[in-house]
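Before reading any detail from a model, it helps to ask how far its coordinates can be trusted. Please look at the sequence and the structure with that in mind, and then follow the paragraphs below.

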Amino acid sequence: MFPAPIYARYIRIVVLEWNDWICMRAALIVKSCSTCFSNAVSLQGSTASSACECWAGAYKYSSAFGNRAIVLVPGRGAQFSTLANRNQRLFAATAIFNSTAGPPGSKGAVTFDRVFSQYLDSGTHTFNVATNGGFTIVSVVKFSVPGEAAMGERKLILARVPKTTM
Amino acid sequence: MIIYRYGDNQMLLSLRNGITQCYIFTEAVIVQNTWLTVMATYASSSRNIKLRAGNVTVSGTCSFAVTDRVFSKTYIGRSNWAGDTYSKGSIVCLYAVDALLSEAEISDISDKMYRGEDTLQSCQTCSRLFLPSFNEWRCLRCLSFCR
């Protein structure tokens, strides 16, 4: 057995010796979807069989910086997520996910009611802004009440990340 | 890093470095009960900040550089100041990353938000750029659906 999988389109069996007449039985041991080709299109995704979560003919993809992003995933409830920690991320949430509250074609939205002091908190997260060239924040929001007259009051904080260490 | 509603119908992006603040704000862009796409970027090389809400884009340059930081809280719907009011509204998605994304990448993320798709990962159709038998051999074993 080869120490590592070898990717090939064809297998040629060359018979070197035989006794009386040429006869043989052969089979291949095929490694299942456990490792992507080093030069394949799935380089950034599905590197393990457990990561194969796409339909036939597809592969799982994430961007090169996806493992650094923190995301409120559409349709997954009032929960922050990272690529490395999809379901277990510690968070505090009093806001409510409503599957019908999003724009047409979406999978819902998280709603905030000021009366009940509802909010989300994703806990600790590292942003290497200087090292990685900057930051980007993208969001889709809707405000349900008029703003108050006083300028500078914070009606909706999309990302509040107070510094704790540098 | 703070993005919030400023006054009645403006959006504001603020970066803080101790007591020093760098901020920009848009003109009136918020329409009550109407979905609004908000995007904010900071480029460490130039210290440029940009805020886009709907079709309105504003930009500026910070006097200080934002450093690498570990943040203890990432809030949506409230601020870190006890006197601030909480929000009343909705949010479809938030994507925050310590990278300066291109317009195309931002647009792709925004489009996924409106379609309700996962912005961290997605299923992509296998390319035929490589030997077809190779891709089919591998991809046909990925039978479960994206989660």
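Over residues 32-53 of chain A the pLDDT (the predictor's confidence in each residue, from 0 to 100) stays under 50, although the model has 47 contacts beyond four places in sequence for this stretch; two residues count as being in contact if their C-beta atoms, placed from the backbone, lie within 7 Å. Residues 158-166 of chain A likewise have a pLDDT below 50, with 37 contacts in the model beyond near neighbours in sequence. Where pLDDT is low, the predicted coordinates should not be read in detail. For chain A the mean pLDDT is 70, and 60% of the residues reach 70 or more. Within chain A, confidence is lowest in strand β10 (residues 163-165), at a mean of 31, and highest in strand β9 (residues 134-143), at 93.

This is a predicted model, in which local features need pLDDT of at least 70 and side-chain atom pairs count only at pLDDT 80 or more, while totals for chains, interfaces and linings use all residues. Residues are numbered from 1 along each chain as its sequence is written, and chains are lettered from A and ligands numbered from 1 in the order in which they are written.

Chain B has two helices and ten strands, where helices (H or I, at least four residues) and strands (E, at least two) are DSSP runs numbered from the N terminus. Its elements follow the order β-β-β-β-β-β-β-β-β-α-β-α from the N terminus on. Of the 147 residues in chain B, 46% are buried; a residue is buried if 20 or more other C-beta atoms lie within 10 Å of its own, exposed if 12 or fewer, and partly exposed in between.

At the start of chain B, strand β1 (residues 2-6) is mostly covered, with five of its five residues buried. Five bridges join β1(B) to the antiparallel strand β2 (residues 10-17) of chain B, and two strands are said to pair if DSSP finds at least two bridges between them. Among these bridge partners, B:Ile2 is matched with B:Ser14 and B:Tyr6 with B:Gln10. Three residues lie between the strands of this hairpin, in which B:Gly7 takes a positive phi near 70°. The two strands belong to an open, antiparallel sheet of three strands in the order β1-β2-β3 (chain B). Because β1 and β3 (20-25) of chain B stand at the edges, each with a single partner strand, one side of each is left without a neighbour in the sheet.

Another open sheet draws on both chains: its three strands have the order β4(A)-β7(A)-β8(B), with antiparallel pairing. Here β4 (92-93) of chain A and β8 of chain B stand at the edges with a single partner strand each, so one side of each is left without a neighbour in the sheet. The antiparallel pairing of strand β7 (residues 120-121) of chain A with β8(B) runs over two bridges, and A:Asp121 stands opposite B:Tyr75 in β8(B).

The loop between β8 (75-76) and β9 (89-97) of chain B holds B:Trp81. Is B:Trp81 buried or exposed? B:Trp81 is exposed, because 10 other C-beta atoms lie within 10 Å.

Finally, the largest nonpolar core has 59 residues, and those with the most contacts inside it include A:Val71, A:Leu72 and B:Met11; such a core is a set of buried Ala, Val, Leu, Ile, Met, Phe, Trp, Tyr and Cys residues joined through C-beta atoms within 7 Å. Its largest share, seven residues, comes from β9(B).
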